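Let's take a look at the empty spaces and the packed insides of a protein. Have the sequence and the 3D view open as you read.

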Amino acid sequence: MDVIALDDPTDAQIREWHAVLSAVHAADPAGEPAPEPEQTAERLLGGDPGSRQRLWAVADGAALAAVAALRLPGEPGADRPAEIDIQVRPGHRRRGLGRRLLASAAEGLRADGRSSVIAQVHAGTPAVPFLESHGFECVLVLRGMLLRLDEVPPERAARLVAAGPAGYRLIRWQGVVPDEHATALAHAKHAMADLAEYEGAPWDAHRVRETAEVVAKRGDDLYTVAALDASGTVVAGFTEVVVPHDAAGRAAQYDTAVAPEHRGRRIGIWVKAAMLEWLAVERPEVREIETDNSGDNEHMIAVNEELGFRVERESLEYQAPASALP
């Protein structure tokens, strides 16, 4: 069985790729919905605007036994890690297929001038020992949490919004941040130090706009609620939720952060409660919101639990230098 490049996959290959993902999910369920065939096709054919991707697979006759996708954000040589996702059918594991796909991806990684690569996997699955045996180190533990909106009493969000701190006011927008708040939002995003340590890309007004444009180009809707200080020019805290166009009622919590000098005033739960009120009116079809929190971010986990989020799974972020890969 040879490794083949699938940078322009056929319809049959896309169906086989989805079959691999379905088989892996059935064997290693992680508390989240399996992808729909349309989602797999969209990912393979379109990728994310603002990034490129390389695809490889190992075929076993007409079927695919294992697949690998390498996402390359930004331009070649960008000072940002690539992202790798390798999936092997349960019946084809322990045959070296994952290692061979990783070696092909490593060649693509180095050819693009990248110095490192990250991977996100679920705790307790075979992906963990595989990555650790190939030079990857865990850099972040993420707790996956889910909020079922029909279990949240309507008065809870209203009470939390009404109890907002004095000296601040809420603003909100859909899509790209208004120009007058772009730089302030970028400064607030620096509060997410746990991610900045290994993402390797600083937040500025350009990256803030680019991120929102990527969401829009794939057909999803980005909603942001922010708290401004008394001057009206400083974003003290913010929260973002993305409603995918094909999410079937499930939205995704994106970034939430409060600047260090504004912490201790319950700004985080204030903006998140205001988001719930907004979505109830703007997107009543949303029934669930999923989020990931750094395992050591006890404050944000407590905020989410107060809102009604419950832990569903644990994910791990791994990183490896390109020089360590086979």
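By class, how many nonpolar, polar and charged residues does the lining of the largest cavity have? The count is six nonpolar, two polar and one charged. Keep in mind that this is a predicted model. Here's the rest, topic by topic.

**The cavity**

- Rolling a probe the size of a water molecule over the atoms shows where empty space is left.
- If you go hunting for cavities of 30 Å³ or more, you'll find one in this structure.
- The largest cavity holds about 40 Å³ of space.
- Its walls are made by Thr239, Val241, Gln253, Lys272, Met275, Leu276, Ile289, Leu307 and Phe309.
- Strand 9 and helix 9 each chip in at least two residues of that lining.
- Helix 9 has the largest share of the cavity lining, with three residues.

**The nonpolar cores**

- The largest nonpolar core has 32 residues, and the ones touching the most other members are Ile267, Met275, Leu279, Ile289 and Leu307.
- Plenty of elements join in: strand 6 (137-148), strand 8 (221-228), strand 9 (235-243), strand 10 (250-258), helix 5, helix 9 and helix 10 (298-307) each give at least two residues to this core.
- Helix 9 is the top contributor to this core, with ten residues.
- Another core, made of 28 residues, lies apart from that one, and its members include Val58, Ala66, Ala82 and Val121.

**Met275, a residue to click on**

- Met275 shows up in the cavity lining, and Met275 is also among the core residues that touch the most other members.
- Leaving out residues up to four places away in sequence, Met275 touches Tyr223, Thr224, Val225, Thr239, Glu240 and Val241.
- Two of these partners, Thr239 and Val241, turn up in the lining of the largest cavity too.

**The second largest pocket**

- This pocket has about 270 Å³ of space.
- Sixteen residues line the pocket, and Leu149, Asp150, Val152, Leu276 and Ala280 are the ones nearest its centre.
- Leu276 is worth finding in your viewer, as Leu276 lines the largest cavity as well.
- Helix 5 (154-162) and helix 9 (267-282) each provide at least two residues of the pocket lining.
- Helix 9 gives the most here, with four residues.
- Sorted by class, the pocket lining has ten nonpolar and six charged residues, with no polar ones.

Conventions:
Residues are numbered from 1 along each chain as its sequence is written. This is a predicted model: local features need pLDDT of at least 70, side-chain atom pairs count only at pLDDT 80 or more; totals for chains, interfaces and linings use all residues. Side-chain values use heavy atoms; hydrogens and water are left out. On a 1 Å grid over the protein atoms alone, a cavity is a set of points where a 1.4 Å probe fits but cannot get out, and a pocket is an open set with protein on both sides within 12 Å along at least five of seven lines; lining residues have an atom within 4 Å of a point. Grid points are joined across faces, edges and corners, and a volume is the space filled by probe spheres set on the points. Ala, Val, Leu, Ile, Met, Phe, Trp, Tyr, Cys and Pro count as nonpolar, Asp, Glu, Lys and Arg as charged, and the others, Gly among them, as polar. A nonpolar core is a set of buried Ala, Val, Leu, Ile, Met, Phe, Trp, Tyr and Cys residues joined through side-chain atoms within 4.5 Å. Buried means under 20% relative accessible area, exposed over 50%, partly exposed in between (1.4 Å probe, protein chains only). Contact means heavy atoms within 4.5 Å.
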